Amino acid sequence: MTTNNASPLESRDAARTPSLRLPKTRTADADSMASSISTLPYRTSNASVSSLFASTSTRSASRSDSPNGTATPRMQGSVFGGMGTPGEHQLGAVERSDDPRDLILKAFVPHIAVHSSSDTHELVKDKGFDGGLWELLRPFGEQIQGKVTVRDSIGAGRTWDNFAVRFVQLGDGLEPPQEVRRSAEGKNPPVNGKPTRLPVGSKRLRTGGDISQIENLVDRHLSHAEEYPSMDSEDYLTFKEAQLKNTDVSSPFYTLYMRRLLSGLPLVPHETFAHPVACIMAISSRNTSPIEALRNLYDDSSQGSRRLPVWVGFEYLRYYVLVHDEERDDISKSMTLFEQMKRHFGLHCHLLRLRSSHCVSSDDDAIPLPRCEWLAAAEELSDIQTRELQEDMEETQPCIYESDTTAIKTFIREMVTQSVIPSMERNISTWNDQVASRRRGIGAKFFGSFKKLTFSTGSRSSTAPSAGSKSNYDSVQGFYPPGVDEAVLRKLADYAFMLRDWKLAHSTYDLLRSDFNGDKAWRYHAAANEMAAISILVNTPAMTAKIRSETVDQMLETAAYSYITRCNASYGALRALTLGMELLRLRGGSASDDAARWGTRLLEYKISGVVGEALIKERVASCYASKKGTGSRKWGSRSRKSALWSVLAADSWLTLGKTQQAKLRLDEAASRYGELAHQDGLEQWNNASDFLKGLKREVAIALYPESAIEGTLMPDEIETEIGEESEAFESRPHRKSLMGAPVPVLTGLDNAPLQGMEDTQEDKVEIQFE
């Protein structure tokens with residue numbers, strides 16, 4: 001008997017697969033993502049809800065890759081792994097919002113906490129922002145106005161026009177270490193002698209790192225795109241043509257997946273990206289005792305109820321802000337108070353002048369508040385649910401006065417360029433001179449060898465470090481104290497990465513890998529290997545296949561193994577391998593094969609959901625498509641592999657009921673097969689050809705169900721199991737079906753005598769039997 005699970009790549013002699021699988025069979029067997037979102041009721045889409053899906057509804061692929069109309073420069077190499085010409089290795093400037101490199105630059109940015117007084121919260125709430133000052137500042141931090149100059153470790157300055165910061169509430173994303181969370185058994189462990197406050201409510205919604213929430217969000221966007229397609233036939237053809245010609249154009253749903261994967265970085269001990277580099281202490285002109293209120297805010301963040309855990313440290317910059325009410329308070333009194341603030345707290349102060357009245361769209365100088373792009377998946381899902389429950393069908397985007405917008409942009413730029421970045425640069429210089437420099441010499445190598453020898457002679461069953469082991473890692477609590485060398489070096493590397501000094505960042509990450517491995521701090525070890533691989537891929541312009549195999553591949557392999565096997569941290573492994581795959585794909589050449597290999601490794605690990613698997617299959621196809629061949633025959637290209645993975649992605653989308661995405665992938669596969677010298681080569685493989693035809697018929701039935709109802713579908717295209725069993729025993733080749741062949745026109749049939757024809761047939765029969 002034949003089986004229905006035959007591989008689509010089996011040869012002609014293999015068993016045949018059914019040529020048609022009805023969509024209802026898929027939906028019955030598949031575990032739909034939409035059915036798992038029980039907290040999000042379905043309602044008719046309105047303008048307010050549709051605006052939340054704008055990031056995946058616009059035709060991002062139809063525009064050019066950059067404002068100049070040129071594609072993102074790719075690091076090309078030989079099809080056999082060579083380095084190519086020297087001028088082709090430098091990665092160009094990042095100009096596309098969906099470029100993976102741009103997403104990485106804007107994801108790992110300095111975090112600035114906001115801690116405001118109650119009167120400041122009331123003033124901002126009167127403007128229509130219930131979240132307070134943090135909610136008002138957050139959208140403007142995602143793009144700093146103008147160009148920002150940053151100096152590296154050797155004093156060389158570099159200017160960036162896409163620098164960003166992330167505003168968070170003090171304590172957002174706070175989670176205890178994994179080891180403490182496992183040992184607590186549902187109870188909040190003490191930190192600094194006080195109970196730890198686990199993030200709940202809105203704070204927990206703003207914390208990322210939840211793969212299931214990311215899957216649910218992307219599925220909501222996909223369902224909206226399937227139900228409310230925003231393209232007509234002409235726009236769809238333009239979108240498809242642009243996407244097929246340029247493999248650098250990523251799906252908007254994959255861009256959303258990556259953005260939410262990097263949004264809301266949790267506040268954890270093993271990396272300091274979410275640790276605040278500065279904290280805004282804000283009071284308003286309504287406060288009766290402003291200086292005392294500022295001191296109380298400082299004490300509350302340092303040793304009070306809002307103090308962060310001990311592994312965060314509290315040496316970050318404090319920035320004092322006086323919010324002046326332009327409509328109710330006297331500016332002269334506020335100026336006097338501001339001068340007094342500068343005498344008490346130094347130059348890290350600012351006077352922010354805002355209007356306290358609520359702004360509506362009908363006001364003269366009202367402009368829409370910019371929408372935040374870096375939201376955690378749970379927060380965006382909650383926003384979608386809130387909009388769907390609203391009775392108002394119109395768009396209700398908050399507005400802000402243009403004068404307030406100018407004041408906020410000026411404030412953020414002044415704070416970042418004059419206080420935050422110089423403070424980070426000073427810390428990098430101090431830590432590099434005092435800690436990192438003495439760890440890179442010859443003496444440090446002897447110390448590292450002695451440390452390894454000390455650990456190798458100890459007992460492997462011992463969990464806590466002994467008194468003579470000289471290990472700074474607290475294996476019981478699961479973190480390094482913030483003042484030890486390992487914690488300082490990790491913060492040094494993260495600060496350098498956020499200021500885009502990737503050379504210093506990589507050398508520091510590489511220095512820490514052996515220390516964390518010796519201390520058996522596996523989560524630290526995995527994170528160090530992850531960022532060491534990412535920093536070398538972002539920074540190094542040219543890299544041979546041998547260097548990639550000995551450095552990048554080894555680091556990614558170690559990071560994935562430690563995250564999954566030793567730490568059970570699926571989010572960390574997914575982030576590391578996804579970023580590694582995308583950065584390798586940008587290099588082109590033989591690195592595209594490595595990128596596809598890491599994509600398939602992600603599928604083997606099964607750490608993503610069904611939506612993530614379909615998206616990763618798309619990216620594997622894109623990785624193979626980016627491998628350009630040479631010569632007229634395009635030797636070394638991977639068109640067949642790219643087409644295969646596009647077909648597999650289409651099969652996954654059909655399983656999830658996403659017909660539009662399946663059609664795009666099938667069109668992509670057809671385009672790849674059309675590039676081959678023998679375009680009909682797939683016909684030699686019965687199972688693969690039938691599998692592809694079956695997918696196309698399924699898409700046709702799903703998109704045009706009236707064709708199946710009217711009987712347009714040919715009967716020979718639907719094969720039963722009995723027909724398959726009988727065909728398996730036939731040794732002769734299958735005949736071609738004549739149902740689809742053109743029928744010859746029979747002229748004069750209506751005038752022909754029917755009786756004469758019957759007589760002629762009877763005469764022939766009589767002659768035959770005479």
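Which residue in strand 4 is the bridge partner of Ile 112? To find out, select Ile 112 in this predicted model and look across to strand 4, where the partner is Phe 167.

Next, colour strand 1, residues 111-116, which is mostly covered, with five of its six residues buried. Add strand 4, residues 166-169, which runs parallel to strand 1 and is joined to it by four bridges. Then bring in strand 7, residues 276-284, which also runs parallel to strand 1 and is joined to it by six bridges. Within strand 7, the residue that stands opposite Val 114 is Ile 280.

Keep Ile 280 selected and display what surrounds it. Leaving aside its neighbours within four places in sequence, Ile 280 is in contact with ten residues that include Ile 112, Val 114 and Phe 167, and also Tyr 319, Phe 411 and Met 415. Widen the view to the largest nonpolar core, which has 178 residues and in which Phe 167, Ile 280 and Phe 497 are those with the most contacts. Now select helix 15, residues 402-436, which gives this core its largest share, 13 residues. In soluble globular proteins, nonpolar side chains tend to be buried together.

Finish at Asp 501, in the loop between helix 17 (485-498) and helix 18 (502-519). Although Asp 501 is buried, it has no salt bridge, and the nearest side chain of opposite charge, that of Lys 503, is 7.9 Å away. Apart from neighbours within four places in sequence, the residues in contact with Asp 501 are Asp 152, Ser 153 and Ala 496.

Methods
Residues are numbered from 1 along each chain as its sequence is written. This is a predicted model: local features need pLDDT of at least 70, side-chain atom pairs count only at pLDDT 80 or more; totals for chains, interfaces and linings use all residues. Side-chain values use heavy atoms; hydrogens and water are left out. A nonpolar core is a set of buried Ala, Val, Leu, Ile, Met, Phe, Trp, Tyr and Cys residues joined through side-chain atoms within 4.5 Å. Buried means under 20% relative accessible area, exposed over 50%, partly exposed in between (1.4 Å probe, protein chains only). Helices (H or I, at least four residues) and strands (E, at least two) are DSSP runs, numbered from the N terminus. Contact means heavy atoms within 4.5 Å. Lys and Arg count as positive and Asp and Glu as negative; His and the chain ends are not counted. A salt bridge is a side-chain nitrogen of Lys or Arg within 4 Å of a carboxyl oxygen of Asp or Glu. Two strands pair if DSSP finds at least two bridges between them.
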